[in-house]
Every structure is written in C-alpha cells, then in structure tokens.
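Visitor: I am new to reading protein structures and would like some help. Could we go through one together, feature by feature?

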Amino acid sequence: MRHDARGQKKLIIFHLMKTIFLLTALIFSAATAVAHVRVRPAKSPLGATESYTLRVPSERGLTTKSITLNVPEGVTVLSVGVIKGVSGISFEEKESGNGRRAITWSIEIKPGESAELSFVAQNPNEGAVIIWRVQQNYTDGTASSWVGPKGDKAPAPVTNLIPPTEKK
C-alpha cells in the first residue's frame, strides 16, 4: 500500500506541474498576442475632438528608437504630447506626401518595456473607422509596420467611429 501511495502522490504532483506549465504558457502567449501597437480610445464620436493614446511595446527583444504615426485622411492632429518627466523624447510633424501628415516620436523603448504617446485630434465627420498606420523602428535598423487588417500578425490599430450622441 505504501508504494501505491507514493506513486499516487508522484502522479498528482506530475499533473499539477503539467497544469501549472500549461497555464503559464497560456498566459505568456496571451500577453504576447496583445503586445501590439494600440490606440485608445477604441471608440470615439464622429467629428469629435479626442485625446488619443498610442501605446507602443518594444517587441522582438530589440530597443525601439522611433515611432511614426501616419495621420489618416480626414483626421486633423491639433496637438502632440510629450511625456512629462521623461527626458530624451522628442517629436516631429511633417508632410508625408499627398497632403497627409506624419508624426515621428524619437524615443528609446527597451525590450520588454512600452511607452504611451499622446495626441489630440479632430475625428472625421463621416466613416466607420479610423485606421492608424504606425511604423516602429528599432536600433538595429529593422522596422515593424503596423498596417495589417484585424487578425494579421501586425494589425493596424483601429478606432471605431460612433454617432455623436452615442456614449463611448
């Protein structure tokens, strides 16, 4: 009987460790799945002046050196924020062609860290979504282009436009 009890105990410990491992893997993969560039809020009224936050994690084990947000057609950027109390961050606004504007933040985001960059914009008066196309540049000279559709490995952040009377 004693031998069976030990075997039973080992089997229970084995299954417990296996469960812990699987849960850890699931949590890690879920964290990795959401480690994309995001824009908040996810919903905003048509024609509204909105404060947006661009959240950028540094991925692929590389340090991010700059972020470029291509301002979508119909969106007017009114101001760009710089994080107070953090040195070494700057931004530049320029025309990116066809009368469109781009904002480039120069910032160091170390691997495993993220940064939140803010801007205020006037939403378009018509349409269903704002698609925010972002380029993330790394110190090794490579880049990630966040321009794909929902479900893509590098999806563009999206803000859904809602009627002015609907709450966010």
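Guide: Gladly! Let us begin with aromatic rings: rings of Phe, Tyr and Trp, with the six-membered ring taken for Trp, pair if their centres lie within 6.5 Å. Please keep in mind that this is a predicted model. Here Tyr52, Trp105, Phe119 and Trp132 form one aromatic cluster.

Visitor: How many aromatic pairs are there in the whole structure?

Guide: A search of the whole structure finds four. In general, a pair of aromatic rings is described by the distance of the centres and the angle of the planes. Take Trp105 and Phe119: their ring centres are 6.5 Å apart and their planes meet at 45°, so this pair is tilted. A stacked pair would need planes under 30 degrees apart, and an edge-to-face pair over 60.

Visitor: Which parts of the chain does the pair of Trp105 and Phe119 tie together?

Guide: Trp105 belongs to strand β7 (residues 100–109) and Phe119 to strand β8 (residues 114–122), so the pair links parts that are 14 residues apart in sequence.

Visitor: Are Trp105 and Phe119 buried or exposed?

Guide: Both Trp105 and Phe119 are buried. For a contrast, look at Gly112, which sits in the loop between β7 and β8. Its relative accessibility is 76%, and exposed means over 50%, so Gly112 counts as exposed. Across the protein chain of 168 residues, buried residues make up 32%.

Visitor: What lies across from Gly112 in space?

Guide: One residue to look at is Glu59: Gly112 and Glu59 are 53 residues apart in sequence, yet 6.8 Å apart in space from C-alpha to C-alpha.

Visitor: Now the overall fold, please. How many helices and strands does the protein chain have?

Guide: The protein chain has one helix and twelve strands. Reading from the N terminus, the helix comes before the strands.

Visitor: And how do I read a sheet?

Guide: The general idea is that strands of a sheet pair through backbone hydrogen bonds, either parallel or antiparallel. In this model, one open sheet has five strands in the order β6-β7-β4-β10-β11, with antiparallel pairing. Its edge strands are β6 and β11 (143–146), each of which pairs on one side only. From one strand to the next, the twist averages 20°.

Visitor: How many bridges join β6 to β7?

Guide: Seven bridges join strand β6 (residues 90–97) to β7, and the two run antiparallel. One example is Glu95, whose bridge partner in β7 is Arg101. The hairpin of β6 and β7 has two residues between the strands, and Asn98 takes a positive phi near 55° there.

Visitor: What about the other end of that sheet?

Guide: There, four bridges join strand β10 (residues 133–138) to β11, again antiparallel. Gln136 has Ser144 as its bridge partner in β11, while Gln135 has Ser145. This hairpin has four residues between its strands, and in it Gly141 takes a positive phi near 95°.

Visitor: Which side chains of β11 are buried?

Guide: The side chains alternate along β11: Ser144 and Trp146 point to one face and are buried, whereas Ala143 and Ser145 point to the other face and are not buried.

Visitor: What is the order of the open sheet of four strands?

Guide: That sheet runs β1-β3-β8-β5, with antiparallel pairing. β1 and β5 (76–80) are the edge strands, each pairing on one side only. On average, neighbouring strands of this sheet are turned by 35° against each other, direction ignored. Three bridges join β1 to strand β3 (residues 49–57), and the partner of Arg40 in β3 is Thr53.

Visitor: Last topic: how does one find a pocket?

Guide: Rolling a probe the size of a water molecule over the atoms shows where empty space is left. In this model, the largest pocket has a volume of about 320 Å³. It is lined by 15 residues, and the closest to its centre are Arg38, Lys150, Ala156, Pro157 and Val158.

Visitor: Which strand gives the most to the lining of the largest pocket?

Guide: β1 gives the most, with three residues. β1 (38–40) and β12 (158–162) each supply at least two residues of the lining. By type, the lining of the largest pocket divides into eight nonpolar, three polar and four charged residues.

Notes: Residues numbered from 1 in each chain as written. Predicted model: local features only at pLDDT ≥ 70, side-chain atom pairs only at ≥ 80, totals over all residues. Heavy atoms only, no water. Buried < 20%, exposed > 50% of the residue type's maximum accessible area, 1.4 Å probe, protein only. Pairing = 2+ DSSP bridges. Axes fitted to C-alpha atoms, helices over the stretch in contact; angles between N-to-C directions. 1 Å grid on protein atoms, 1.4 Å probe; cavity = no way out; pocket = protein on both sides within 12 Å on 5 of 7 lines; lining within 4 Å. Points joined across faces, edges and corners; volume = space filled by probe spheres on them. Nonpolar A, V, L, I, M, F, W, Y, C, P; charged D, E, K, R; others polar.
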